[in-house]
Amino acid sequence: MQKIEGYKNDMAAYEAPTTEALEDFRIKYLGTKGIVKAVMGEMKNVQPEKKKEFGQILNAFKIFAEDKYEALKAALSSAENKTTANVDWSLPGDSIPVGTRHPLSIVRNQIVSIFKRLGFAVAEGPEIEDDWHNFTALNLPENHPARDMQDTFYLNQNPDYLLRTHTSSVQARVMEKQKPPIRIVCPGRVYRNETISARAHCFFHQVEGLYVDDNVSFADLKQTLYFFVQEMFGKEAKVRFRPSYFPFTEPSAEMDISCTVCGGRGCSLCKHTGWVEILGCGMVHPKMLENFQIDPDTYTGFAFGMGIERICQLKYRINDLRLYSQNDVRFLRQFTGAV
Ligand SMILES: [Zn+2]
């Protein structure tokens, strides 16, 4: 009985200013190895005729402990509410760490925003394409040798469907529906059946552009792309065009820019030539316009296409294509703050 009185006095004096102190109280008195349980265990040592009386005392003791616990809990929560009311809301908050934009997104957005300023609209299309939109409509009929360069993934059940090898398929879809003037850029992911290495991957990203209207000339093409290069790489960047071949343009050219590393003096990136290739372009082939019922005697146009990874490589010196899709945070964190 004396012990019980002692415990009661201890409990009455107990204060719990923190959650930890409250939990200490619970464990000490109400826990499975706590004092209330231990005192209850004394019941077996009580003489039978006193069991009833002692049982009532024990019960009262247990309720006393439980009430005290509830009271401490209530006091603590009201104290906490009071503290919240006293918070200075004008203090600066803790910053929440945010992710970074992927370098490919950063560069794609930059490319698109430059062409948007020149009046180009963004067009998008499906990544699963049919043979017509990906090849045939673009002057790449079956057995055309250029198809070998663009091996891709076909759907077994219907080989007419494939993963698009370029975003030119979007140009085809736009020309199908829209009559000139057409002025679009098509950013997107494309696929090739390639062994994955530092220099090749089974998927990558392109931005293609198409401008069809009356009186569109090669001079327009050059000036448009020169403007793009200056905006992207700086005013000192130079361009040069080399004759090339694409089935959907005639004449065709590849465009080089002065090396972004050495500025033209020669380094390992530009293989000591001072120039690096960045895109392919040309005047839209008349046959292609005819494929979409656009009269090639009335309308002319130019088209270009570039790899986003390539522009990224030149801007950020990323030399391994696999880095883009490995999700290594050490790589991605380097682009914190880039927009
Ligand atoms: Zn160089």
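The zinc ion in this predicted model is held by four protein donors, the SG atoms of C259, C262, C267 and C270. These donors lie 2.2 to 2.3 Å from the metal, and their arrangement around the zinc ion is tetrahedral. Beyond the metal site, the points below cover an open sheet of seven strands, the second largest pocket, with a volume of about 290 Å³, and the placement of Q230 in helix α8.

**Zinc site**

- Along the chain, the donors of the zinc ion are spaced according to the pattern C-x2-C-x4-C-x2-C.
- The angles among the four donor atoms run from 105 to 114 degrees.
- For reference, the ideal angle for four tetrahedral donors at a metal is 109.5 degrees.
- Two of the cysteines, C259 and C267, are both buried.

**Sheet**

- The strands of the open sheet follow the order β1-β4-β5-β9-β8-β7-β6, and their pairing is mixed.
- Strands β1 (121–122) and β6 (239–246) occupy the edges; each has a single partner strand, so one side of each lacks a neighbour in the sheet.
- Strand β7 (residues 249–258) and strand β8 (residues 275–284) run antiparallel and are joined by eight bridges.
- Within this part of the sheet, S258 stands opposite W275 of β8.

**Second largest pocket**

- The lining of the second largest pocket consists of 18 residues.
- Nearest the centre of this pocket lie L104, S105, R108, R189 and H205.
- Two or more lining residues come from each of the elements α5 (103–117), β4 (182–191), β5 (203–213) and α10 (308–316).
- Helix α5 supplies the largest share of the lining, namely four residues.
- By residue class, the lining of the second largest pocket comprises eight nonpolar, six polar and four charged residues.

**Q230 and helix α8**

- Q230 belongs to helix α8, which spans residues 218–233.
- The relative accessible area of Q230 is 16%, and this residue is therefore classed as buried, the cut-off being under 20%.
- Q230 and V36 are 194 residues apart along the chain, and their C-alpha atoms are separated by 81 Å.

Technical notes. Residues are numbered from 1 along each chain as its sequence is written. This is a predicted model: local features need pLDDT of at least 70, side-chain atom pairs count only at pLDDT 80 or more; totals for chains, interfaces and linings use all residues. Side-chain values use heavy atoms; hydrogens and water are left out. Donors are N, O and S atoms within 2.8 Å of the metal (3.2 Å for Na, K and Ca); water is not among the atoms, so sites may look incomplete. Four donors count as tetrahedral if all angles lie between 85 and 135 degrees; four count as square planar and six as octahedral if opposite donors are over 155 degrees apart and all others between 65 and 115; anything else is irregular. Buried means under 20% relative accessible area, exposed over 50%, partly exposed in between (1.4 Å probe, protein chains only). On a 1 Å grid over the protein atoms alone, a cavity is a set of points where a 1.4 Å probe fits but cannot get out, and a pocket is an open set with protein on both sides within 12 Å along at least five of seven lines; lining residues have an atom within 4 Å of a point. Grid points are joined across faces, edges and corners, and a volume is the space filled by probe spheres set on the points. Ala, Val, Leu, Ile, Met, Phe, Trp, Tyr, Cys and Pro count as nonpolar, Asp, Glu, Lys and Arg as charged, and the others, Gly among them, as polar. Two strands pair if DSSP finds at least two bridges between them.
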